[in-house]
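Colleague: I should like to go through the assignments in this structure one at a time. Please set each value against its criterion.

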Amino acid sequence: MHSTFRLTLVLAALGFLVSPSVVAAQGQSAIAGVARTAPGGTTYAALWLPGAVTPIDLGAGPGIPMALSDGGTVVGHAPTGSGDRAFRWDAITGLQWLTAGPASQAWDVNTAGTIVGSASQQASYLAGDPA
């Protein structure tokens, strides 16, 4: 059995993993997904690292991670009062909102940090490597 799959089953059994499958897995070292504060509790966008007892809260509220790069960057979207808003998270910069407007989603990120998604109902290039 693949180790990422085993970790997913353990997280689901503990009540932490909300999504029925892994949203994104970085090799075998990290998993991004939606977690709960406790079984039946509030949901939040999260990142599980090897050996961690609890996931890292990405700060995007009840956001949905869509991709995790080999460099450890997580992208996704979170609901706001007027629609979804795209986000980017990494361990160095933390949470960054990618657009000023509410109607956006980040779908994928590559190792170079290039993010693709949508904004205002059109496919878009959202952001590049901030360095």
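Modeller: A search of the whole structure finds one salt bridge. It joins Arg-88 and Asp-90. Please note that this is a predicted model, in which local features need pLDDT of at least 70, side-chain atom pairs count only at pLDDT 80 or more, and totals for chains, interfaces and linings use all residues. Residues are numbered from 1 along each chain as its sequence is written, and side-chain values use heavy atoms, with hydrogens and water left out.

Colleague: Why is the contact of Arg-88 with Asp-90 called a salt bridge?

Modeller: The term requires a side-chain nitrogen of Lys or Arg within 4 Å of a carboxyl oxygen of Asp or Glu. The closest N and O atoms of Arg-88 and Asp-90 are 2.8 Å apart, so the criterion is met.

Colleague: What makes Arg-88 count as buried?

Modeller: Buried means under 20% relative accessible area, exposed over 50%, and partly exposed in between (1.4 Å probe, protein chains only). Arg-88 has 5% relative accessibility and therefore counts as buried. Asp-90, with a relative accessible area of 12%, is buried as well.

Colleague: How do you know that Leu-58 is buried?

Modeller: Its relative accessible area is 2%, so Leu-58 is buried. Leu-58 also belongs to the largest nonpolar core, which has eleven residues in all, including Val-74, Phe-87 and Trp-89. A nonpolar core is a set of buried Ala, Val, Leu, Ile, Met, Phe, Trp, Tyr and Cys residues joined through side-chain atoms within 4.5 Å.

Colleague: Which residues does Leu-58 touch, not counting those up to four places away in sequence?

Modeller: Among them are Ala-45, Leu-47, Val-74, Phe-87 and Trp-89; contact means heavy atoms within 4.5 Å. The C-alpha atoms of Leu-58 and Ala-46, twelve residues apart along the chain, are separated by 5.4 Å.

Colleague: How many aromatic pairs does the rule give?

Modeller: The count comes to one aromatic pair. Phe-87 and Trp-97 form this pair, with 6.3 Å centre to centre and 80° between the planes.

Colleague: Why is the pair of Phe-87 and Trp-97 called edge-to-face?

Modeller: Rings of Phe, Tyr and Trp (its six-membered ring) pair if their centres lie within 6.5 Å; planes under 30 degrees apart count as stacked, over 60 as edge-to-face and the rest as tilted. The 6.3 Å and 80° of Phe-87 and Trp-97 therefore satisfy the edge-to-face criterion.

Colleague: Are the two partners, Phe-87 and Trp-97, buried or partly exposed?

Modeller: Phe-87, at 0% relative accessibility, counts as buried, whereas Trp-97, at 36%, is partly exposed.
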